[in-house]
Amino acid sequence: MIIMYFQFIIIMVIAMIMIFLLNLLSKKSFNDREKNSPFECGFDPKNLARLPFSLHFFLIAIIFIIFDIELTLLLPMILISKISNFLILMSSMSIFIMIILYGLYHETYQGALNWIQ
C-alpha cells in the first residue's frame, strides 16, 4: 500500500516538473499586438460590432452547410442499399437530390451567387 502511494507521489512530481518546464520553455519572447489579438472571419474585433458584413459571404456559407448536410444524409443510404428495396431507395435519393438542386437553381436565379452586381 505504501509502495502505491510512493509511486503516485513520484508520478505527480514528474508531471509537475514537466508542466513547469513546458511553461518555462514555451514563453514567447516577442509579444506582438497583432498576434495576441483574436482573428475571426476577417473582422477586426476591436471595431464596432454592428458593422455590416457581406451578405454574399453569408449565403455562400449557408449553401456550403446545406451541401455538407446533404452528404451526411446521403452517405448512410449507401449502407442501407443492401438491406432495402432498391427502387424505393433510388427514388427517395433522387427526390432529395432534386430538392437540393432546385434550391441551388433558385439561389442562382435570384443572383445570390453573383459576386459582382
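I take buried to mean under 20% relative accessible area. I began with A112, which has 10% relative accessibility and therefore counts as buried. The model I am reading is a predicted one.

**Entry: A112**

I looked up where A112 sits and found it in the segment after α4. I then asked what A112 is in contact with, leaving aside its neighbours within four places in sequence. The list I got is H56, L59 and E107. I also checked A112 against L55, which is 57 residues away in sequence. Their C-alpha atoms are 8.6 Å apart in space. Beside A112 I noted G111, just after α4, which takes a positive phi of about 85°.

**Entry: the whole chain**

I went back to the overall layout. I counted 4 helices and 0 strands in the secondary structure. Along the sequence I read the pattern α-α-α-α. How many of the residues count as buried? I found 9% of the 117 residues of the protein in that class. For the exposed area I noted about 11,100 Å², with 74% of it supplied by carbon and sulfur atoms. I then took the contacts between residues at least 6 apart in sequence, and 56% of these join residues at least 24 apart.

**Entry: α1**

I moved to helix α1, residues 2-25. From first C-alpha to last, α1 reaches 35 Å, close to the 34 Å expected for its 24 residues at 1.5 Å a residue. Is α1 largely covered or largely in the open? I found that 0 of its 24 residues are buried, so α1 lies largely in the open.

I looked at M12, which has its place in α1. M12 has a relative accessible area of 39%, so I list it as partly exposed. M12 also belongs to a nonpolar surface patch of about 940 Å². With M12, the patch is made by F8, I9, V13, I17, F20, L21, L24 and L25.

**Entry: α3**

I checked the length of α3, residues 55-80. At 1.5 Å a residue, its 26 residues should span 38 Å. I found its end C-alpha atoms 39 Å apart, which agrees. Which residues of α3 are buried? I listed H56, I63, E70, L74 and M77. What covers these buried residues includes α4, residues 86-110. H56 I had already met as a contact of A112.

**Entry: α4**

I ran the length check on α4 too. Its 25 residues reach 36 Å from first C-alpha to last, close to the 36 Å expected at 1.5 Å a residue. The buried residues I found in α4 are L89, M93 and I100. What covers them includes α3. I had noted the reverse for α3, where the cover of the buried residues includes α4.

**Entry: L104**

I picked L104, which lies in helix α4. With a relative accessible area of 28%, L104 is partly exposed. I asked which residues L104 is in contact with, leaving aside its neighbours within four places in sequence. I found I63, F67 and L113. Of these, I63 is one of the buried residues of α3. I also looked at L104 and I66, which are 38 residues apart along the chain. Their C-alpha atoms are separated by 9.8 Å.

**Entry: the tyrosines**

I searched for aromatic pairs, and the count came to 1. The pair is Y105 and Y109, and it is stacked, at 6.2 Å centre to centre with 20° between the planes. I checked where the two tyrosines stand in the helix. They are 4 residues apart in α4, so about one helical turn separates Y105 from Y109. An α-helix has 3.6 residues a turn, so residues three or four places apart point the same way. Are Y105 and Y109 buried or exposed? I found both of them exposed.

**Entry: what I keep from this**

I keep α1 as the helix with 0 buried residues. I keep α3 as a helix whose buried residues have α4 among their cover. I keep A112 as a buried residue in the segment after α4.

Methods. Residues are numbered from 1 along each chain as its sequence is written. This is a predicted model: local features need pLDDT of at least 70, side-chain atom pairs count only at pLDDT 80 or more; totals for chains, interfaces and linings use all residues. Side-chain values use heavy atoms; hydrogens and water are left out. The expected span of a helix is 1.5 Å times one less than its number of residues. Buried means under 20% relative accessible area, exposed over 50%, partly exposed in between (1.4 Å probe, protein chains only). Contact means heavy atoms within 4.5 Å. Rings of Phe, Tyr and Trp (its six-membered ring) pair if their centres lie within 6.5 Å; planes under 30 degrees apart count as stacked, over 60 as edge-to-face and the rest as tilted. Patches are made of residues with over 30% relative accessible area and no salt bridge: like charges are joined within 9 Å, nonpolar side chains (Val, Leu, Ile, Met, Phe, Trp, Tyr) within 5 Å. Accessible areas come from the Shrake-Rupley method with a 1.4 Å probe; for residues, only the protein chains shown count as cover. A salt bridge is a side-chain nitrogen of Lys or Arg within 4 Å of a carboxyl oxygen of Asp or Glu.
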